[in-house]
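Here is a friendly tour of a single chain, taken one feature at a time. Keep the structure open beside you as you read.

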Amino acid sequence: MTAHSRNVAAESAPGALKFAYWVPNVSGGLVISKIEQRTSHDIDYNRKLAQIAEQNGFDYALSQIRFTAGYGAEFQHEPVTFSQALLEATTRLKVIAALLPGPWNPAVAAKQIATLNQLYGGRVAVNVVSGWFRGEFAAIGEPWLDHDERYRRSEEFIRALRGIWSEDNFTFRGDFYRFNNYTLKPKPSDPQPEVFQGGSSRAARDMAARVSDWYFTNGNTPEEIKKQADDIRAKAAQNGHSVKVGVNAFLIARESEAEAREVLAEIIAKADPEAVNAFGHEVKNAGKASPEGQGNWAKSSFEDLVQYNDGFRSNLIGTPEQIAERIVRLKNAGADLILLAFLHFQEEVEYFGKHVIPLVRQLEADQKLAVAAE
Ligand SMILES: Cc1cc2nc3c(=O)[nH]c(=O)nc-3n(C[C@H](O)[C@H](O)[C@H](O)COP(=O)(O)O)c2cc1C
């Protein structure tokens with residue numbers, strides 16, 4: 001085994017909840033607030049963070065794609081290149097590179113990811129995002145498609161990736177992409193890179209139920225997560241497909257609940273109203289064309305939007321014990337993975353790994369015993 005190859009022994013047990021963290025590859029942290037954040041988008045900070053994460057029980061790191069500043073993220077590093085740097089700095093963490101169909105063509109993306117798969121022992125995955133920021137598309141001269149059309153393109157993009165990765169003489173006749181007898185060499189090793197996707201709208205769910213390995217959704221209560229998970233799993237089963245669910249959360253673990261709540265209150269009090277409202281305007285506008293109105297931010301309040309994927313709604317704010325119990329409730333509601341953001345990433349990723357994950361593992365083991373005893 002090389003230093004970069006898969007370390008199966010270190011992976012979490014089958015059925016165990018997985019943990020991912022948001023890579024801060026854009027500036028300003030993961031909340032739109034002027035509160036002090038000891039988080040940096042620079043590469044040295046991020047290399048160290050990735051190492052801390054893999055030493056503290058995290059399975060995945062999720063990078064972000066932004067072409068222009070939105071929600072105040074003034075500087076943005078490109079996610080595939082950045083993911084490679086994180087893979088180079090680690091030995092078992094899986095790194096999810098964000099890809100945006102439109103700017104990314106599937107032939108280039110399939111090749112980039114196949115090469116990373118070969119270089120880093122299969123540790124690269126992708127998150128295919130569909131876009132919500134019209135101004136960003138205008139800035140880089142990309143046509144802006146209607147909401148459901150963006151998902152139609154993303155689905156073709158994913159089908160193209162999978163076809164290129166698995167078939168020789170791949171031929172595809174889509175409305176957005178075409179391939180003629182194309183053979184990629186070398187292909188990624190088995191298993192193929194995992195395909196994640198983000199979004200909660202009907203179009204997003206239907207795409208997940210047809211082609212994605214993982215469905216990422218915004219933060220929410222266990223009741224709401226259960227509705228989504230049941231819905232897409234039932235649809236996926238009809239398609240002979242299976243899909244896992246990842247739920248976003250902003251995590252504030254402190255020794256007392258009061259302390260954790262105070263931090264949340266300070267984040268909201270120091271929110272940047274101009275940036276939050278501009279973001280709210282963009283995302284509500286982006287989701288308007290989703291006919292059923294269930295998009296990711298359809299019900300988000302000002303406070304929710306301060307964490308730009310509704311991370312406070314998952315309520316992982318309190319003591320390690322409270323958080324561990326709530327995480328297991330999300331698991332019981334259908335989550336397979338919890339995606340986490342923090343105020344001070346390096347310190348808090350480590351704290352989470354040392355003080356919360358062991359409690360989650362204990363609760364999972366207790367549940368298993370209880371089920372076995374029934
Ligand atoms: C976990 C997660 C990560 C996402 N990452 C990005 C990203 O890096 N860049 C981006 O432009 N959109 C990103 N998105 C946005 C989605 O791709 C999608 O455009 C958005 O959630 C709208 O969903 P809707 O169809 O439910 O309205 C992400 C969404 C989620 C849930």
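## Two partners for one helix

Helices α1 and α12 are roughly parallel to each other, since angles under 35 degrees count as such. This is a predicted model, and in it the two helices pack at about 5°, with 9 Å between their axes. On the α1 side the contact is made by Tyr45, Lys48, Leu49, Ile52 and Ala53, and on the α12 side by Phe345, Gln346, Val349 and Glu350. Sorted by class, the residues of this contact are six nonpolar, one polar and two charged. If you want to find the pair on screen, α12 covers residues 345-373, while α1 covers residues 43-55.

Helix α1 also packs against α2 (residues 79-89), here at an angle of about 50° and with the axes 9 Å apart. The two are therefore oblique to each other, and their crossing is right-handed. From α1, the residues Ile43, Asn46, Arg47, Ala50 and Gln51 take part, meeting Phe82, Ala85, Leu86 and Ala89 of α2. By class, this contact has six nonpolar, two polar and one charged residues.

## The barrel

Now for the strands. Eight of them form a closed barrel with parallel pairing, in the order β1-β2-β3-β4-β7-β8-β9-β12. From one strand to the next, the twist averages 25°.

One pairing to look at is that of β9 (residues 244-250) with β12 (residues 337-341): the two strands run parallel and are joined by five bridges. Within this pairing, Val247 has Ile338 of β12 as its bridge partner. In a regular strand, side chains alternate between the two faces of the sheet.

A helix lies across part of this strand set. Helix α5 (residues 147-166) is placed over β3 (94-99), β4 (124-128) and β7 (195-198), and runs at about 160° to β4.

## A hairpin and its surroundings

Which residue in β6 stands opposite Phe170? The residue is Tyr182. The strands concerned are β5 (residues 170-173) and β6 (residues 178-182), which run antiparallel and are joined by three bridges. A hairpin of four residues links β5 to β6.

Just ahead of this hairpin, the loop between α5 and β5 holds Asn169. Asn169 has a positive phi of about 50°, although it is not a glycine. Most residues other than glycine have a negative phi, and most peptide bonds are trans.

## Two cis peptide bonds

The loop between β6 and β7 deserves a look of its own. Pro186 is found there, and the peptide bond that leads to Pro186 from Lys185 is cis, with omega near -5°.

Pro191 also has its place in the loop between β6 and β7. The bond joining Asp190 and Pro191 is a cis peptide bond as well, with omega about -10°.

## The chain as a whole

Stepping back, how many helices and strands does the chain have? There are 12 helices and 12 strands. The radius of gyration is 20 Å, close to the 21 Å that the globule rule gives for 374 residues, so the chain is as compact as a globular protein of that length. Along its principal axes, the C-alpha trace spans about 60 × 50 × 45 Å.

Technical notes: Residues numbered from 1 in each chain as written. Predicted model: local features only at pLDDT ≥ 70, side-chain atom pairs only at ≥ 80, totals over all residues. Heavy atoms only, no water. Axes fitted to C-alpha atoms, helices over the stretch in contact; angles between N-to-C directions. Parallel < 35°, antiparallel > 145°, perpendicular 65-115°, else oblique. Left-handed = near helix turned anticlockwise from the far one by under 90°. Contact = heavy atoms within 4.5 Å. Nonpolar A, V, L, I, M, F, W, Y, C, P; charged D, E, K, R; others polar. Pairing = 2+ DSSP bridges. Rg over C-alpha atoms; globule rule 2.2 N^0.38 Å.
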